[in-house]
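Work through these short exercises with the model in view. Try each task before reading its solution.

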Amino acid sequence: MEKLLIRDLDVMDVPVIKRIIKEVWDFSSLVKNEAILDAVVGLYLNQMLAGSTFGKVAVLDGEVLGMVSGIVKGEALRYAHLLEDGMGHAMTLLLAKRRQQKWIYEYFSKQEAVYAQLLDGVADEYDASLDFLILSKAAQGKGVGKALWLVLQAYFVEQQVSRAYLFTDTDCNFGFYEHQGFKRRREAEAVYRFSGFKMRMTNFLYEMEMGG
């Protein structure tokens, strides 16, 4: 077996990361149309990449197992060249059923509002964020997530970051971040309504002193 490789994010990784997002977040149970599902995930990943200053993937035996991205304030954005056709994705969503359009819009707009609430009045205290960390189901619990985080942490130290934050929620393994040394600072509850059911979720703001 090859050694776990952490390398720069590349355009060839985008379809794989999208597949991992679909697998782990199980959006397919809500969106049965593959084209619409691909558009939702594509727009979400575009948003992550557009604002990132750091991106790495973990590779084992030639297979991409996960990705991490982060932002350091003032650093150049690096991944605009990896973005998919956002206009094409938006046009695809226009073909979705009205109820699907409604819950997709409500989910992402409510998530943005909750994140803004968590950062209200404290955003200026942070100079970096762990923006995105995802692992395939096969890679979970095998140290891949920690390896990705440690590479991002080293980047934060190199850039003299003083304090970093991240968002997570009760639908994720938030205990992982506590094991890495993050401290929970705030939480906010939100109710997300989908077709035929609703999901209550607690969202968290975690932080870490980097000593930069």
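**Exercise 1.** Is Lys102 buried, partly exposed or exposed?

Solution. This is a predicted model: local features need pLDDT of at least 70, side-chain atom pairs count only at pLDDT 80 or more, and totals for chains, interfaces and linings use all residues. Residues are numbered from 1 along each chain as its sequence is written, and side-chain values use heavy atoms, leaving out hydrogens and water. Buried means under 20% relative accessible area, exposed over 50%, and partly exposed in between (1.4 Å probe, protein chains only). Lys102 has a relative accessible area of 49%. Lys102 is therefore partly exposed.

**Exercise 2.** Find the salt bridge between Lys102 and Glu106, and place both residues.

Solution. A salt bridge needs a side-chain nitrogen of Lys or Arg within 4 Å of a carboxyl oxygen of Asp or Glu. Here the closest N and O atoms are 2.7 Å apart. Both residues sit in helix 4 (residues 98–119); helices are DSSP runs of H or I, at least four residues, numbered from the N terminus. Four residues separate Lys102 and Glu106, about one turn of the helix. Glu106 is partly exposed, at 32%.

**Exercise 3.** Which residues share a salt-bridge network?

Solution. Shared partners join Lys18, Lys22, Glu34, Asp38 and Glu84 into one network. Take Lys22, which is buried at 16% relative accessibility. Glu34 pairs with Lys22, with closest N and O atoms 2.9 Å apart. That pair links helix 2 (residues 34–50) to helix 1 (residues 14–25). Asp38 also bridges to Lys22, at 3.1 Å. Asp38 lies in helix 2 and Lys22 in helix 1, so this pair ties together parts 16 residues apart in sequence.

Key
Helices (H or I, at least four residues) and strands (E, at least two) are DSSP runs, numbered from the N terminus.
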